[in-house]
Amino acid sequence: MSKEKHHRDWVLRRCCGSIAACILTLFALVGFIVLVIYLALHPSKPSFYLQDVQLRSIDLSDPALSLDLQVTIASRNPNDRVGVYYKTLDAFTTYRDEPVTVPVSMPSIYQGHKDVSVWSPVMSGDAVPVAQYVADAMKQDIAAGYVLLHVKVEGRVKWKVGSWVSGGYHLFVTCPALLATSGSAVAGGAFAASAASGVPAGVNTTVSLKFTHPADCTVDV
């Protein structure tokens, strides 16, 4: 009796081992096929361009910074056979590596082959605390006639080939936005700079900063 039980246990273990081996082989085969497809198609990361920046207002009153602007960002899918799902996208603005606006969500979209998509988010930060050296640096830059901001986009993307959709990948986009003075104040680009360099506290001077030219963005996926 014990010999028959031992035989049955051996057969059961043998069957379980064979089933497990088949499952692992199937997963390995599927993974290999996906890898071959991915390497054959080799999706290129999308290109991003900063087309426009409209600075609406900025308040440099210490010890915080308030900023309001609208940007226009375009993205192009360079792939011939691979689509891109933008699952989540958050945009914000930094100055000297410090955030000066709160993140704002941009619409999730699907981008087909060679397609171009455009977003125009409005970003703002109300009394955002910044280090003193950051506030001083911005005042000096304004006095010199230019301010370099960086518009950043962070999110997750997926690749689509036919009916197959990949897992999610992190997306990091950085766009330089150079704003320069354009003489006297004009609508759409003027703002009041409180306590600017050489100006007593409590006295506002009006300057005008305009986006100089469209810029290519760096993209990491």
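**Notebook: a predicted single-chain model**

I began with one residue on the outside: isoleucine 19 has a relative accessibility of 53% and therefore counts as exposed, since the cut-off is over 50%. I placed isoleucine 19 in helix H1, which covers residues 2-41. I then looked for nonpolar neighbours on the surface and found that Ile19, Ile23 and Phe27 make a nonpolar patch of about 340 Å². I note here that the model is predicted.

**Entry: the chain as a whole**

I counted the elements next, and the protein chain has two helices and 15 strands. I looked up burial and found that 35% of the 221 residues are buried. For the outside, I recorded an exposed area of about 12200 Å², of which carbon and sulfur atoms supply 60%. I also checked how far apart in sequence the contacting residues are. Among contacts with a separation of 6 or more, 71% are between residues 24 or more positions apart.

**Entry: strand E3 and its partners**

I asked which strands pair with E3, residues 83-95. I found E9, residues 146-161, which runs antiparallel to E3 and is joined to it by 11 bridges. I noted one pair of this ladder: glycine 83 has lysine 160 in E9 as its bridge partner.

I then followed E3 to strand E6, residues 109-111, where three bridges hold an antiparallel pairing. Here valine 84 has glutamine 111 of E6 as its bridge partner. Strand E5, residues 104-105, also pairs with E3 in the antiparallel sense, over two bridges. In that pairing I located alanine 91 opposite valine 104.

I looked last at strand E4, residues 98-99, which is antiparallel to E3 over two bridges. Threonine 94 stands opposite proline 99 of E4. I recorded that E3 and E4 form a hairpin with two residues between them, and that arginine 96 in the turn has a positive phi of about 55°.

**Entry: the nonpolar core**

I asked which residues of the largest nonpolar core touch the most other members. The core has 42 residues, and the answer is Phe48, Leu50 and Met138. I then listed the elements that each supply at least two residues of this core: strands E1 (47-59), E2 (64-76), E3, E9, E11 (169-181) and E13 (204-211), together with helix H2 (132-144). Strand E9 gives the most, with six residues.

I took leucine 50 as an example and set aside its neighbours within four places in sequence. Its contacts then include Val71, Thr72 and Ile73, as well as Val151. Further along the chain, leucine 50 is in contact with Cys175, Pro176 and Ala177, and with Phe211, Pro214, Ala215 and Cys217.

**Entry: two buried polar residues**

I asked whether threonine 93 is buried or exposed. Threonine 93 is found in strand E3, and it counts as buried because its relative accessibility is 0%, where the cut-off is under 20%. Beyond four places in sequence, I found threonine 93 in contact with residues including Leu67, Leu69, Met123, Leu149, His150 and Val151. Its contacts also include Glu98, Pro99, Val100 and Thr101.

I made the corresponding check on serine 75, which is found in strand E2. Serine 75 is buried, with a relative accessible area of 0%. Residues up to four places away in sequence are again not counted, and serine 75 touches, among others, Pro46, Ser47, Phe48, Tyr86 and Trp119.

**Entry: salt bridges**

I asked how many salt bridges a search of the whole structure finds. The search finds two.

The side chains of aspartate 80 and lysine 114 meet in one of them, at 3.4 Å from N to O. I located aspartate 80 in the loop between E2 and E3, and lysine 114 in the loop between E6 and strand E7 (116-119), so that the pair links distant parts of the chain, 34 residues apart. Aspartate 80 is exposed, with a relative accessible area of 52%, whereas lysine 114 counts as partly exposed at 38%.

Arginine 96 and aspartate 141 also meet through their side chains in a salt bridge, at 3.4 Å from N to O. Arginine 96 lies in the loop between E3 and E4 and aspartate 141 in helix H2, so the pair ties together parts 45 residues apart in sequence. I noted that arginine 96 counts as partly exposed at 45% relative accessibility, whereas aspartate 141 is buried at 8%.

Conventions: Residues numbered from 1 in each chain as written. Predicted model: local features only at pLDDT ≥ 70, side-chain atom pairs only at ≥ 80, totals over all residues. Heavy atoms only, no water. Pairing = 2+ DSSP bridges. Helix = DSSP H or I, 4+ residues; strand = E, 2+ residues; numbered from the N terminus. Core = buried A, V, L, I, M, F, W, Y, C linked by side-chain atoms within 4.5 Å. Buried < 20%, exposed > 50% of the residue type's maximum accessible area, 1.4 Å probe, protein only. Contact = heavy atoms within 4.5 Å. Patch = residues over 30% accessible without salt bridge, like charges linked within 9 Å, V, L, I, M, F, W, Y side chains within 5 Å. Areas by Shrake-Rupley, 256 points an atom, 1.4 Å probe, with all protein chains shown as cover. Salt bridge = Lys/Arg side-chain N within 4 Å of Asp/Glu carboxyl O.
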